[in-house]
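New to this one? Have the sequence and the 3D view open side by side, and let's take a walk through them.

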Amino acid sequence: MFPSRGCCLHARRCVRALRAARRDGGATAVYSSARRWTSSSAPRITTHYTVHPRDKDPRWEGVEMERFADEADVVIVGGGPAGLSAAIRLKQLAQAEEREVRVCVVEKASQIGAHTLSGACLEPSALNELFPDWRERGAPLHTPVTEDIFSILTEKRRIPVPMLPGLPMNNHGNYIVRLGNLVRWLGEQAEELGVELYPGYAAAEVLFHEDGSVKGIATNDVGIAKDGSPKDNFERGMELHAKVTLFGEGCHGHLAKQLYRHFNLRQNCQPQTYAIGLKEVWMVDEKKWRPGRVEHSVGWPLNRKTYGGSFLYHLNEGEPLVALGFVVGLDYSNPYLSPFREFQRWKHHPFVAATLEGGERIGYGARALNEGGVQSIPELTFPGGILIGCSPGFMNVPKIKGTHTAMKSGMLAAEAVFPRLTAEDSSSSSTSGLHVPEYAESLKKSWVWKELHAVRNIRPSFHNYLGLYGGMVYTGIFYWILRGKEPWTLKHCGLDSDQLKPASECTPIEYPKPDGKLSFDLLSSVALSGTNHEGDQPAHLTLKDDSVPVDRNLAVYDGPEQRFCPAGVYEYVPLESGEGMRLQINAQNCVHCKTCDIKDPSQNINWVVPEGSGGPAYNGL
């Protein structure tokens, strides 16, 4: 059995060898003009057992590898809005029919909500369905939207855009929230209903029955040294088996990647495309505080060919707080672009600086976002498992909202699973793990699918000669007027990792030095995220081939990972010999945004879970 919730933060965690799939192709090709960067032999960077198996390592001979196993009816991976909504709905249905259903939620953060990061302007539709009495229950929705502002920014000026009813960015009836606080509240509601929550346990491996169906998950091991050898306190993780496992890991989940390959779930959809969202929270001068005000902008400092925009939300939680952030589509082409520095530069725009001047920055974080829309959603069900929430990608891109759709997907999954769990003939399934295709069917009949289908063409419409401005014209004609009823579906350009151009074809971007008042350096920003990892453990940013970063990424693209990472994890430093360069991975800085796994042009980086409950501590950011 898992220990009680009070002990689980200090308990040993569990893991599995995630087999990193190697991609074919010329990952070691270089330009002859860039050979000066290469070294004669690549230093060893990756020591993680997913790349260097333990059964071939003599240091692991004789180490006890048996794992304890436990059983539940439903296991949910991820204690975010989707996972907790699914757990709550399952227990609500069980109570209504006086049935006993054991529901377990495993969450890699040390506390429920600690890894949650979003803007966030919440559309309360799903919450209204889950808890019609959420106000009486004390849900932390304190700031109804009172004012909507949308702007196109030039370097020095602002062009106001009227926010007409019916446009995706109209926020009438929504709430500005700190999503981590809402997730923590959902966790409290789940516990009251009898859901078993296990924060601090990272699901590291998908387990399978002999017939290929999902059996459950294994949590991560502890006690592994940085060089990959077992420590004296090494302890195996645990297996948690279930009739059906719900995967709600969030954007670009590492277990979902395994499932895509195992069941070929992406064979009938377009590639997923992503953005990186960076966020700060500021305490501002009370005279500049406008509780309930929502501001969005597009344009400067990004050019028309780079998708992105900003938000600035005025919270009403007893203090003059504003949440502000910057989103950059990860299909950008210039390897010299730094989303973090674009964010810092944006804060110097006169329209933005007017709010921040004299204030104090108190929080920072970053997270990748799904932007593919309905055409990039994979198959959602398979024997023994279901994908929910931002893992498959239910974000409404033009709204910049995915919490309400994620919650609803979890609720629909629960409503599809429950009858199968309690059916008299549930043991007669054709596979050992329950297959519940009814979930996908009900989702496609719900308001979630209708909403995503209506906006399906807005994001890919930006891939035109006019870029941003052509996309805005398309939105005005085909969404605002026709409500997305055009009889075609536009396609994305492909994988974000394939969009970078060689550095030789691009112009370096000169970013201004941070002033320490409005703009800041990267490491001082990461310090505000509360990020912490056990230092003596293998880096969880694993490389399939240690030679690729220097031989290809640095040689061809001038090391873009040191710019697209929002936490300073990757840097190129001289070799000790003084000849050539090497990649250094500062894994302790990682904020779990998954950007590197997505944008790496060689697709050589594979993000796996770190030991224990490491990562950011956003705590309501």
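## A walk through the model

Lys 594 is buried, its relative accessible area being 4%. Buried here means under 20% relative accessible area, exposed means over 50%, and partly exposed is in between (1.4 Å probe, protein chains only). This is a predicted model, in which local features need pLDDT of at least 70 and side-chain atom pairs count only at pLDDT 80 or more, while totals for chains, interfaces and linings use all residues. Residues are numbered from 1 along each chain as its sequence is written, and side-chain values use heavy atoms, with hydrogens and water left out.

Back to Lys 594: its phi is near 75 degrees, a positive value in a residue other than glycine. You'll find Lys 594 in the loop between β23 and α14 (595-599). Helices (H or I, at least four residues) and strands (E, at least two) are DSSP runs, numbered from the N terminus.

Asn 619 also has a positive phi, of about 45 degrees, although it is not a glycine. Asn 619 sits in the segment after β24 (605-607), and at 41% relative accessibility it counts as partly exposed.

### A helix tucked inside

Now look at helix α12 (residues 548-557). Ten of its ten residues are buried, so this helix is largely enclosed by the rest of the structure. Among those buried residues are Val 548, Pro 549, Asp 551, Arg 552 and Tyr 557. What do the buried residues of α12 pack against? Their partners are β21 (541-543), α13 (561-564), β22 (570-574) and β23 (581-585). Right after α12 comes Asp 558, with a positive phi near 60 degrees.

### Strands side by side

Strand β16 (residues 308-314) is mostly covered too, with seven of its seven residues buried. Gly 308, Ser 310, Leu 312 and His 314 point one way from β16, Gly 309, Phe 311 and Tyr 313 point the other way, and all are buried.

Which strands does β16 join up with? Two strands pair if DSSP finds at least two bridges between them. Strand β15 (residues 293-299) runs antiparallel to β16, with four bridges joining them; here Val 294 has Tyr 313 of β16 as its bridge partner. Strand β17 (residues 321-329) is also antiparallel to β16, through seven bridges, and Ser 310 is matched with Phe 326 in β17. The hairpin of β16 and β17 has six residues between the strands, and Gly 318 takes a positive phi near 90 degrees there.

Elsewhere, three strands make an open sheet in the order β3-β7-β4, with antiparallel pairing. The edge strands, each pairing on one side only, are β3 (121-122) and β4 (143-144). Two bridges link β3 to strand β7 (residues 175-176) in the antiparallel sense, and Cys 121 has Ile 176 of β7 as its bridge partner.

### Two cis peptide bonds

Here are two spots worth clicking on.

| Cis peptide bond | Omega | Where |
|---|---|---|
| Gly 119 and Ala 120 | about 0 degrees | Ala 120 is in the loop between β2 (103-107) and β3 |
| Trp 300 and Pro 301 | about 10 degrees | Pro 301 is in the loop between β15 and β16 |

### Nonpolar cores

A nonpolar core is a set of buried Ala, Val, Leu, Ile, Met, Phe, Trp, Tyr and Cys residues joined through side-chain atoms within 4.5 Å. The largest one has 81 residues, and Leu 246, Phe 247 and Tyr 439 have the most contacts inside it. Helix α7 (residues 403-422) supplies the largest share of this core, ten residues. Leaving aside neighbours within four places in sequence, Leu 246 is in contact (heavy atoms within 4.5 Å) with residues including Val 74, Ile 76, Ala 86, Ile 388 and Val 417. Another core, of 73 residues, lies apart from that one, and among its members are Leu 302, Leu 337, Trp 346 and Val 550.

### And the cysteines?

How many disulfides does the structure hold? Zero, where a disulfide is a pair of cysteine sulfur atoms within 2.5 Å. For Cys 251, the nearest cysteine sulfur is that of Cys 390, 7.0 Å away; Cys 251 counts as buried, at 4% relative accessibility. The sulfur of Cys 590 is 6.3 Å from the closest cysteine sulfur, in Cys 596, which is too far for a bond. Cys 590 counts as buried as well, at 6% relative accessibility.
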